[in-house]
Protein chains: 4
Amino acid sequence: MNFSSDNWAGASDVVAAKLTEIHASYSASYGESALDDRMRALFCEVFEREVSVFTVGTGTAANSLALTACARPGGVIFCHPESHIFNDECGAVEYFSGGARLCTVAGPGGKFSAVDLVAAMDRYPKQFVHAGQPTALSLTQATEVGTAWSLAEIAGMGEMARANDLYFHMDGARFANALVALDATPAEMTWRRGVDILSFGATKNGCWCAEAVVIFNPALAAQFAFLHKRAGQLFSKSTFQAAQFVAYFEAEHWLNLARHTNAMADCLRERIALAGNMRIAWPTQTNEIFVLIDKSAAERSAAAGAVFSDWPEPINPLYSKHDNEYLYRFVTSFRTDKNQIDVLLASFS
Amino acid sequence: MNFSSDNWAGASDVVAAKLTEIHASYSASYGESALDDRMRALFCEVFEREVSVFTVGTGTAANSLALTACARPGGVIFCHPESHIFNDECGAVEYFSGGARLCTVAGPGGKFSAVDLVAAMDRYPKQFVHAGQPTALSLTQATEVGTAWSLAEIAGMGEMARANDLYFHMDGARFANALVALDATPAEMTWRRGVDILSFGATKNGCWCAEAVVIFNPALAAQFAFLHKRAGQLFSKSTFQAAQFVAYFEAEHWLNLARHTNAMADCLRERIALAGNMRIAWPTQTNEIFVLIDKSAAERSAAAGAVFSDWPEPINPLYSKHDNEYLYRFVTSFRTDKNQIDVLLASFS
Amino acid sequence: MNFSSDNWAGASDVVAAKLTEIHASYSASYGESALDDRMRALFCEVFEREVSVFTVGTGTAANSLALTACARPGGVIFCHPESHIFNDECGAVEYFSGGARLCTVAGPGGKFSAVDLVAAMDRYPKQFVHAGQPTALSLTQATEVGTAWSLAEIAGMGEMARANDLYFHMDGARFANALVALDATPAEMTWRRGVDILSFGATKNGCWCAEAVVIFNPALAAQFAFLHKRAGQLFSKSTFQAAQFVAYFEAEHWLNLARHTNAMADCLRERIALAGNMRIAWPTQTNEIFVLIDKSAAERSAAAGAVFSDWPEPINPLYSKHDNEYLYRFVTSFRTDKNQIDVLLASFS
Amino acid sequence: MNFSSDNWAGASDVVAAKLTEIHASYSASYGESALDDRMRALFCEVFEREVSVFTVGTGTAANSLALTACARPGGVIFCHPESHIFNDECGAVEYFSGGARLCTVAGPGGKFSAVDLVAAMDRYPKQFVHAGQPTALSLTQATEVGTAWSLAEIAGMGEMARANDLYFHMDGARFANALVALDATPAEMTWRRGVDILSFGATKNGCWCAEAVVIFNPALAAQFAFLHKRAGQLFSKSTFQAAQFVAYFEAEHWLNLARHTNAMADCLRERIALAGNMRIAWPTQTNEIFVLIDKSAAERSAAAGAVFSDWPEPINPLYSKHDNEYLYRFVTSFRTDKNQIDVLLASFS
């Protein structure tokens, strides 16, 4: 039973079947196949408006190129200290953008407040060349700690961005999980709340290599085709990426996958709450669950074959730990089933 | 009948089957799965020595990262004016490397001579900071115009590189086609001739997204894992890239694909030579064939459904053209068969 | 007698006196002193319009920042193969701009034709992401080989730039020498002919460290203050740079210096024409003179204390050389006088 | 009476006289004049060993190039949140280095402890590509808040750097002020304590444009000439920079200037301590003094012509403020005299 990460879960049967289905056809390369066109049309449908879409190979590439499109000289990007762009991308945003700075704004639950954002921006006064200049605001939806920004919170950040001449980026590596958790539409969770540019992740939710930059603000789209090609992200056999997205969107496959994943997380949360020998470290709404467990119990579980991760303590944890309690992360995926949860829970006894 | 490019040909059945086979398993992410290990071992076997291997999504990424590993401040990379890095990558090498310059060295057949390389290097004297400094030599094997550097020519360039303190890079987007054409081993065509770092392409020869940087010179490998991750090229579900390479190498699948592709090119060359209404523009050894055809005949063929490319004239063509003759490119692939060639040839009549 | 380069000539008495005059005053730093304001006003007067001005330490910095302001992803800058940005700046334009490519367009006399520029641009079709995109056109005025673009030629290039959506940059390291040679006004030689951005050099003409980027196109000025500071070019004691420019412009000092320099070049050209034992390699209009001399005569002169430079042959020289003739460069400066010319000429006998 | 900043103070008479003295001579350009040689020899004398020296135009350029020499992909530089590289250089280090990250380590008095440095480094485990990798440690000496790292503290940081494979950079914008405050030698304060590379500032202490990168670690010097030229920092009339440094070092002029500046600061500190209507915010050892003053008194002083700066509160001030008290900064310079101090103190009454 594997609760290590949703990126360990392979590809969904539907996505895999689509790749098999098209593998033996000739298709125009470099984004010009019929499936590429079909994919772009589906993105417009899903977001209920005209959007520009560019597929890339990794979430790191999506985030880096999206924020490079927003770059200004001496530019500063505001993000959470637990964000993927700050912690897990080896300085890719800084590299691709030619030296943007990530300024972290802390807060509980992977989010920060408008007040704290203002305090961070105050260090970079308008037109004060010595400090540099604010450029973009980046949220992660769902956050890296399993929560989701509410629609009202996103709207508030959208207003902050507009009022301060910041581009508004959303890292949607787990976009579908947040969407389902909020019971919102893609439009409601993004451009209707002021998002300019989105890293849209499909890999964690059933594809094997399908990430995209979705651009709502035309000013950011103007040069993007060149940014994209120059960054080595225009795949020659792009039709295989397009195929994944087409299978993903058709017949609500993506939403069904995320609904299942989130339902499995709900189930796991309930089971943990009842288990007695462990406790939830903080409430989450999506498919990541952070749990405090006695170390010996965790070791028993691992010895029994359970796969999950040790997790670093947050900077200001909202819980206090007992002796021998440690923090662990469990992630459900489209491949998780109830039996795996049963076996997992049993392994701690 | 499609002779547009080998990157229009989808994936081979063997590669596609491998992806289907593994899609439903849990696998460690970010290059740490068992298939990733198996793939690395196969690269070492294929090259008959310890090598460092990093998979990437595109040939552009492979070339750019390989040459970034070689970068020096004010650095100059010598390459052919018809090379992919110079013509077809939107300045990616310049971008990734932080501003390397590509200095072209012309010559017939997609190659250049040691004499012309020396003349180009003379503009960048050692330790003369005003001009910048020579950094790397990049060959394409097979070349963009369908020829292949002979083992002796590669060895000569390897000596030039060593004597002038240049790193020696090979762009092997069509590595297998050249290898089969020369009847050489991978070791003979690379590090035994002085190659330090290789862009190894498998996409055009039957995979759908499988490119790799193969490093022979340990000095270039030291920081590569960071270059690779920072460039957004460490795929989370890397096991799907590894699977393609494993299927590609096992049971000589890759060589069989390339043998078939090259044999189809031989067949097409023969048929063109006999056709009477077209002529080979220059001799090629791999799967690209450049042909001079009367424009009206080419239009008839296209109207009949043949797919192939108009091609820009070389700077100093070795042929002279008749009135109404134009240059076209035909590329065979692992998916080409004799029937397609028959139908193609008939379409010009 | 020193004819090595105008950057060997120290500073003019007027400029040096101005630095002495202000050295003991308190002045606001970072471009905010009264002298900084005075300098900016003088630039507007000199160019007969509102301009944005940023002072920098070197011509390399001026050129690199000017062209960085023009940058687009995958961008290509067209310039002459004998230009300073291509030959003498260690890849600085490529570095500062994050990877712009310099595409050279050759032609006699340090200039190129509209036809040859079109041919070079044809390799970068509009919106064809594989090749990259044209971004800027850069001329040097006066050229590196002693000639000057005529006002009509500059106008023609300005029209080319506008028609092809290129920013038009002028490298004016020897701006004053060209201006005097053409008997034109600064406005006539720049923005009235379509120039968007200018590297304005004063160092070679009597200052010791006074270069500036002068921006006519407001779109290029919008972010320039941040480009400038981020590049380490905002001097704390900027008032000393401003002082040089103020002394330079007041009472036509700069024009008088250039008039003297050019007059000395005219004198030297006449003397060489009459000398019998040497000949002008090609006609020049400013303060650089290229001369073919018997090697033994040149060695005699050097032994007698004359300082001048061996010069590399142009790629396609318009002259043919006799045995033992070599190419040398002589540069006059504001410090040159007739006696030095007499002694120089005598040294070859 | 001007206590705004030491970069408002013009140039010392000795430095100004040297510039006047040499202005009318011919000198070889681009670092090759006799004065350039003399300057390099003086740096070796001053530091009691062979060093590599490169002059630049600004402290921003010195810091950025020094840290670019230290760069690794995904590299992280540890510095204080009040450091100039973090607060006052518009992202120049990030830009020049191609995307290095500055990770701040806080602490009182502009310094941080080894314990806090270790905690910061723990976020970047060795060879963990997701996070990036530690690259350099940068201290400012004297600090931005008027204190100085003791020789023992520098030695401790040198050991930390060596133990963790970090390059050790010192930002010496006010090197002389710290040196005099510690009564140390240049060697003792740098390479004998493990410093690899130094930004050596002379501008604030009596020159008008004289900054240098001094390299002790030969590995960092190997490519520096190219970094330097490519960054637009090789001045053509370099002899004028060299002249400033020669005047600066000869006859201990630089130490005498700093001794005077620091003595004036001592005097000002004493006078403030006795004044009654203001108090020192925290103890400082060099020429910056931070003072808490009633706002109305500060306004009276400014109205009387005193020039000094409002200063932002430190993040965790060690003092508590009374109502109406504000923080102000006073900087003495080589141009300060006792009379100015008298007038300043009187202006607050």
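Modeller: Ala, Val, Leu, Ile, Met, Phe, Trp, Tyr, Cys and Pro count as nonpolar, Asp, Glu, Lys and Arg as charged, and the others, Gly among them, as polar. This is a predicted model, where local features need pLDDT of at least 70, side-chain atom pairs need 80 or more, and totals for chains, interfaces and linings use all residues. Residues count from 1 along each chain, chains are lettered from A and ligands numbered from 1 as written, and side-chain values use heavy atoms, without hydrogens or water.

Biologist: Which class is the most numerous in the lining of the largest cavity?

Modeller: A cavity is a set of 1 Å grid points where a 1.4 Å probe fits but cannot get out, and lining residues have an atom within 4 Å of a point. Here 19 residues line it, with A:Y30, A:S236, B:T58, B:G59 and B:T60 nearest the centre. They split into five nonpolar, six charged and eight polar.

Biologist: And how many charged residues line the second largest cavity?

Modeller: Its lining has 14 residues, and A:A16, A:L19, B:A16, B:L19 and B:T20 sit nearest its centre. Of the lining, 10 are nonpolar, four are polar, and the charged count is no residues.

Biologist: How many residues of chain D are in contact with chain A?

Modeller: Contact just means heavy atoms within 4.5 Å. Chain A brings 20 residues, and chain D brings 20.

Biologist: Which residue forms a salt bridge with A:E94?

Modeller: A salt bridge puts a side-chain nitrogen of Lys or Arg within 4 Å of a carboxyl oxygen of Asp or Glu. Chains A and D have two. In this one, the closest N and O atoms are 2.8 Å apart, and A:E94's partner is D:R101.

Notes:
1 Å grid on protein atoms, 1.4 Å probe; cavity = no way out; pocket = protein on both sides within 12 Å on 5 of 7 lines; lining within 4 Å.
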